[in-house]
Amino acid sequence: GIAAAGYNRYLNPYFCVGAYIGTGESQIKAKEIESGKIVFSSKVRNITCMANFGWTYYRNGIWDISCGVSGGFAHKDENISVYNSNDKSVPTEDDNIVLAYNFTVLKVRVGGGIIGGFAEFGFGYKGVANAGLSIRF
């Protein structure tokens, strides 16, 4: 799963800048059909840090609709094991820092007060769809 937090500061009623940090982990194992033996496994952990830039193009009452772009770095730690016919693992590790990006095509925030909810859709290191709690200070 993924855990993330972000902070945005509005410079005027429509433009904001901020920061995002997220961490995630995923794992996959592949088995041979006939024997059921594991032939491949992979585990990936990453930590992503990005700067956010957003533009709100519609604001009315409790509704905010915006888009944005993010860029930064991700530390990726991947462990891959390929098993041979003797069930011996041949491990490889990939530990590196890569460029991270995200394009938020549509973000909708509902809640005119301090607490609200949001849903966003886009592509990149934040994924395709996100939803969560939004708190305005």
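The chain contains zero helices and seven strands, and, read along the sequence, these elements follow the pattern β-β-β-β-β-β-β. In this predicted model, the radius of gyration of the chain is 20 Å, well over the 14 Å that the globule rule gives for 137 residues, so the chain is more spread out than a compact globule. The C-alpha trace spans about 65 × 30 × 20 Å along its principal axes. Buried residues account for 23% of the 137 residues, and, among contacts with a separation of 6 or more, 46% join residues that lie 24 or more positions apart.

**Confidence**

The average pLDDT of the chain is 90, and 98% of the residues score at least 70. Among the elements, strand β5, covering residues 89-110, has the lowest mean pLDDT, at 90, whereas the highest mean, 96, belongs to strand β6, covering residues 115-124. Where pLDDT is low, predicted coordinates should not be read in detail.

**Pockets**

The largest pocket has a volume of about 1,100 Å³. Its lining is made up of 37 residues, and those closest to its centre are G6, Y7, N8, K107 and S134. The elements that each give two or more residues to this lining are β1 (2-10), β2 (15-31), β3 (38-60), β4 (63-83), β5, β6 and β7 (129-135). Strand β1 supplies the largest share of the lining of the largest pocket, namely nine residues. Sorted by class, the lining of the largest pocket holds 18 nonpolar, twelve polar and seven charged residues.

The second largest pocket encloses about 170 Å³ of space. Twelve residues line this second pocket, and I2, T23, G24, E25 and N46 are the ones nearest its centre. Here the elements that give two or more residues to the lining are β2 and β3, with β2 giving the most, six residues. By class, the lining of the second largest pocket comprises four nonpolar, seven polar and one charged residues.

**Individual residues**

Five residues, taken from strand β3 and from two loops, are set out below with their relative accessible areas.

| Residue | Place | Relative accessible area | Class |
|---|---|---|---|
| S35 | loop between β2 and β3 | 40% | partly exposed |
| I38 | strand β3 | 28% | partly exposed |
| S41 | strand β3 | 13% | buried |
| M50 | strand β3 | 4% | buried |
| G113 | loop between β5 and β6 | 40% | partly exposed |

M50, a residue of strand β3, counts as buried because its relative accessible area of 4% falls under the 20% cut-off. Leaving aside neighbours within four places in sequence, M50 is in contact with G18, A19, Y20, S70, G71, G72, A100, Y101, N102, Y125 and K126. The C-alpha atoms of M50 and G127, which are 77 residues apart in sequence, are 14 Å apart in space.

S41 also lies in strand β3, and its relative accessibility of 13% is likewise under 20%, so S41 is classed as buried. Residues up to four places away in sequence not being counted, S41 touches I28, K29, N79, I80, S81 and Y83.

I38 is a further residue of strand β3, but with a relative accessible area of 28% I38 is partly exposed, since that value lies between the limits of 20% and 50%. Beyond its neighbours within four places in sequence, I38 is in contact with K29, A30, K31 and Y83. The pair I38 and Y83 is separated by 45 residues in sequence and by 7.1 Å in space, C-alpha to C-alpha.

The two loop residues remain. S35 is placed in the loop between β2 and β3 and, at 40% relative accessibility, counts as partly exposed. From S35 to F118 there are 83 residues in sequence and 47 Å in space, C-alpha to C-alpha. G113, in turn, sits in the loop between β5 and β6, where a relative accessibility of 40% makes G113 partly exposed. Its C-alpha atom is separated by 8.6 Å from that of I135, and G113 and I135 are 22 residues apart along the chain.

Notes:
Residues are numbered from 1 along each chain as its sequence is written. This is a predicted model: local features need pLDDT of at least 70, side-chain atom pairs count only at pLDDT 80 or more; totals for chains, interfaces and linings use all residues. Side-chain values use heavy atoms; hydrogens and water are left out. pLDDT is the predictor's confidence in each residue, from 0 to 100. On a 1 Å grid over the protein atoms alone, a cavity is a set of points where a 1.4 Å probe fits but cannot get out, and a pocket is an open set with protein on both sides within 12 Å along at least five of seven lines; lining residues have an atom within 4 Å of a point. Grid points are joined across faces, edges and corners, and a volume is the space filled by probe spheres set on the points. Ala, Val, Leu, Ile, Met, Phe, Trp, Tyr, Cys and Pro count as nonpolar, Asp, Glu, Lys and Arg as charged, and the others, Gly among them, as polar. The radius of gyration is taken over C-alpha atoms; the globule rule is 2.2 Å times the number of residues to the power 0.38. Buried means under 20% relative accessible area, exposed over 50%, partly exposed in between (1.4 Å probe, protein chains only). Contact means heavy atoms within 4.5 Å.
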